[in-house]
Amino acid sequence: WIGSSAFQGCEKLGTVVIPAAVTVIGSSAFRGCVKLDAVEIPAAVTTIEAFAFEGCVKLGTVTGCESVERVERAAFENTDFITGAGKGPLQVGCVLFRWIDGKEGETAEIDESVLTLAYGAFTSNTVAKVAVPSAIGRVEAGTFVSCSGLQVVEFANPDVLLSTGAAVDCVPQPQWVASKGGFIFQGFTGYDDGSCEPGYLCAQFEKVRFHNDPNEDGAFVAG
């Protein structure tokens, strides 16, 4: 793998050849390499860690990526890869890295080839609805950030797990809806074991599934 901060701040680095055997590009590995304009991600790479290419302002071409399964927080932030991309989905391997500049009130239909949603996949976006395909079984914290117009997130997978903080600074919180029936989560983000924080009103619940025993008094409050 390429270690954390391995080439961070190498401002004269214009070209990089990543060895074919590399499986992980570590956090901040190329952060701030301001002359780096293109990178080919080998087929063996499965993970690109946080801030790996952040601040590579000229980086506009990212190729390969066919085996990438996880892209962590701000891996390509402040690069031409984002700022130069057209509106709509920006995909890295099977990861939806960012849905760029969705139109107010529109529905974002995530492609069936997407298996994972990156941190901040929807950031300061004005889409009203997001349709999530069945292959996605978990939504991590920080997937939706400052999406004030987001009303509904609809899941084709009725057993999807929502991590605490899946929607951050989204006011009001969106409805979490299983498209094929089952459950509706409205007005809060649930823990990924199926419970919710004390004090939240859970009268909307139609179905609750535990992966671990509940361990906190008042985890569910009807009102």
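## Overall make-up

The protein has one helix and 18 strands; these are DSSP runs, with helices being H or I of at least four residues and strands being E of at least two, numbered from the N terminus. Keep in mind that this is a predicted model, where local features need pLDDT of at least 70, side-chain atom pairs count only at pLDDT 80 or more, and totals for chains, interfaces and linings use all residues. Residues are numbered from 1 along each chain as its sequence is written, and side-chain values use heavy atoms, leaving out hydrogens and water.

Of the 223 residues in the protein, 44% are buried (under 20% relative accessible area, 1.4 Å probe, protein chains only).

## How confident is the model?

The average pLDDT, the predictor's confidence in each residue from 0 to 100, is 82 for the protein, and 79% of the residues score at least 70. Among the elements, strand 1 (residues 24-25) has the highest mean pLDDT, 98, and strand 18 (residues 184-186) the lowest, 42.

Over residues 182-205 the pLDDT is below 50, yet this stretch has 77 contacts in the model beyond near neighbours in sequence (a contact means heavy atoms within 4.5 Å). Residues 210-223 also stay under 50, with 27 contacts beyond four places in sequence. Where pLDDT is low, the predicted coordinates should not be read in detail.

## A three-stranded sheet

Now to one open sheet: its three strands run in the order 6-7-9, with mixed pairing. Strand 6 (88-92) and strand 9 (116-117) are the edge strands, each pairing on one side only. Pairing requires at least two DSSP bridges between two strands.

Strand 6 pairs with strand 7 (residues 95-100) in the antiparallel sense over five bridges. Gly88 stands opposite Ile100 in strand 7.

Methods
Buried < 20%, exposed > 50% of the residue type's maximum accessible area, 1.4 Å probe, protein only.
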